[in-house]
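Student: I should like to learn how to read the features of a structural model. May we work through some of them in turn?

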Amino acid sequence: MISRMSLLTWILCLCLLFSFIGYTITFIRSNVYNGLMTFTDRLLTWYYENKRELPFRSQNDPYKIWVSEIMAQQTQIVTMLPFYERWIKSFPTVEALANADIDDVLKHWEGLGYYRRARNLHAGALYLMEHHGGRLPADYKALLEIPGVGPYTASAISAIAFHLPEVTIDGNVKRVMARTLNYTDNVNTQAAYNYFETWLKHELALNQALPGDFSQALMELGALVCTPSNTTCEGCPLKDLCACYRGEVAPDIPYIPKAKKSPVHPMSAYILVKNGSIWMSTDDADGLMTGLLRLPQEPLHSKTLKEQMSLVHKFSHLTWDIKVYKKKVLHMEHLVEIPLDTLHQHTIVTAHRKILITLGYLHEG
């Protein structure tokens, strides 16, 4: 039987223990960025306190992670979120996406650009239904077999959805690592990718961190703090571990060679409206955005027609310098007549969709 004195002693000891734990936690938190914590500890502590609440982070669904990663390619998170939420509402599972008509899939993607991503998601869903019973495999190499899934996306799904020891390396992560390690070569090479991957995987294994949190923390840090414009390291948890903060980094880090200027193609787009319908074209012989409707268009600018508006639209490898004209007659192939009140139901190439919205023939949303 425990004596009253022994019981009081135990209570006192427990109180002292809890006080010590509380003091230790407070001390660690207050000194988190002063050299007492590792790269990973600093990164994850910052992430847990500052991460954005995003719908695809709230549940560990491999399909939703896959969709979000594909949508986030070449698109800012704030821009893609409404598209993501609408997509998941319409295609909540791999099976639902596989069963969808490709035209409906492309319509849901309208406005995001780079439509091949949507086609690859649909093709990937069909592949998963045929080979994996509608489930994404918990295997990095197997993920690479899915149409449109490359090393980055496979790593993201592996780490975030399945907690496999992979790391994601996107543009944000390349910037963080190039500045931290003073990597002076071109970051968009396989050699750079291998260098960062080796370093990060060693750090991940050494600290036994959760792969998903580790990868998302790196991407989040690059998106919110270690941005292209923030070279003063303001708000960065990695400060005194970073070559940039110590002043060792060249001004052009991360180094990316300047891309060659893309060719500019002068184009004429035509508006022909009759009896409540507008004439559109199905001619996708240029290989751009196959299967999407567009305004009738041809090379060069008109020297006789009155310009209604102009638009410069940049693709990854070329630029359209478009001037828009109204015409009463069109002698062109591949024309289709679309009632104006149904125009919103069709998927239209981004540049021409902007024109139709500007001229009042189409409403946003």
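Tutor: Let us begin with contacts: two residues are in contact when they have heavy atoms within 4.5 Å of each other. The model shown here is a predicted one. Threonine 180 serves as an example; leaving aside its neighbours within four places in sequence, threonine 180 is in contact with Phe39, Leu238, Leu241, Cys242 and Ala243.

Student: Where is threonine 180 found? Does threonine 180 count as buried or exposed?

Tutor: Threonine 180 belongs to helix H10, residues 171-181. A residue is called buried when its relative accessible area is under 20%. Threonine 180 counts as buried because its relative accessibility is 7%.

Student: How does one describe two packed helices?

Tutor: Two values are given for such a pair: the angle between the axes and the distance between the axes. Here, helix H4 (residues 77-90) and helix H6 (residues 102-109) have axes that come within 9 Å and cross at roughly 155°. H4 is therefore roughly antiparallel to H6, since angles over 145 degrees are placed in that class.

Student: Which residues of H4 and H6 meet?

Tutor: From H4 come Phe83, Arg86, Trp87 and Ser90, and from H6 come Val105, Lys107, His108 and Trp109. By class, the residues of this contact of H4 with H6 are four nonpolar, two polar and two charged. As to spacing along a helix, an α-helix has 3.6 residues a turn, so residues three or four places apart point the same way.

Student: At what angle do the axes of H9 and H12 cross?

Tutor: The axes of H9 and H12 cross at roughly 130° and come within 7 Å. H9 is therefore oblique to H12. In this contact, Tyr152, Ala159 and Ile160 of H9 meet Pro211, Gly212, Ser215, Gln216 and Met219 of H12. The residues of the contact divide into five nonpolar, three polar and no charged.

Student: How should I read the surroundings of a helix such as H13?

Tutor: One may ask which of its residues are buried and what covers them. In helix H13 (residues 350-358), the buried residues are Thr350, Ala351, His352, Arg353, Ile355 and Leu356. Their cover includes strands E1 (264-271), E3 (277-281), E4 (297-299), E5 (307-314) and E6 (319-326). Just after H13, glycine 360 takes a positive phi of about 85°.

Student: What is the usual sign of phi in residues other than glycine?

Tutor: Most residues other than glycine have a negative phi. Cysteine 233 has a positive value, with phi near 65°. Cysteine 233 lies in the loop between H12 and E1, and its relative accessible area of 9% makes it buried. Asparagine 275 also has a positive phi, near 50°. Asparagine 275 lies in the loop between strand E2 (273-274) and E3, and it is exposed, with a relative accessible area of 79%.

Student: How does one read a pocket?

Tutor: One may take its volume, then its lining. The largest pocket holds about 800 Å³ of space. Its lining has 24 residues, and those closest to its centre are Gln74, Gly113, Tyr114, Tyr115 and Ser316.

Student: Which elements each supply at least two residues of the lining of the largest pocket?

Tutor: Helix H7 (116-131), E5 and H13 each do so, and H7 gives the largest share, four residues. By class, the lining has seven nonpolar, twelve polar and five charged residues.

Student: Where does glutamine 74 lie, and is glutamine 74 buried or exposed?

Tutor: Glutamine 74 lies in the loop between helix H3 (62-72) and H4. Glutamine 74 is exposed, because its relative accessible area is 57%. Although 97 residues separate glutamine 74 from glycine 171 in sequence, their C-alpha atoms are 9.8 Å apart in space.

Student: How much space lies in the second largest pocket?

Tutor: About 530 Å³ lies in the second largest pocket. Of its 23 lining residues, Ala72, Thr75, Ile77, Asp170 and Asn172 lie nearest the centre. H3, H4, helix H9 (151-162), H10 and helix H12 (211-224) each supply at least two residues of this lining. The lining of the second largest pocket comprises ten nonpolar, eight polar and five charged residues.

How values were computed. Residues are numbered from 1 along each chain as its sequence is written. This is a predicted model: local features need pLDDT of at least 70, side-chain atom pairs count only at pLDDT 80 or more; totals for chains, interfaces and linings use all residues. Side-chain values use heavy atoms; hydrogens and water are left out. Axes are lines fitted to C-alpha atoms, for helices over the stretch in contact, and angles run from 0 to 180 degrees between N-to-C directions. Angles under 35 degrees count as roughly parallel, over 145 as roughly antiparallel, 65 to 115 as roughly perpendicular and the rest as oblique. Ala, Val, Leu, Ile, Met, Phe, Trp, Tyr, Cys and Pro count as nonpolar, Asp, Glu, Lys and Arg as charged, and the others, Gly among them, as polar. Buried means under 20% relative accessible area, exposed over 50%, partly exposed in between (1.4 Å probe, protein chains only). On a 1 Å grid over the protein atoms alone, a cavity is a set of points where a 1.4 Å probe fits but cannot get out, and a pocket is an open set with protein on both sides within 12 Å along at least five of seven lines; lining residues have an atom within 4 Å of a point. Grid points are joined across faces, edges and corners, and a volume is the space filled by probe spheres set on the points.
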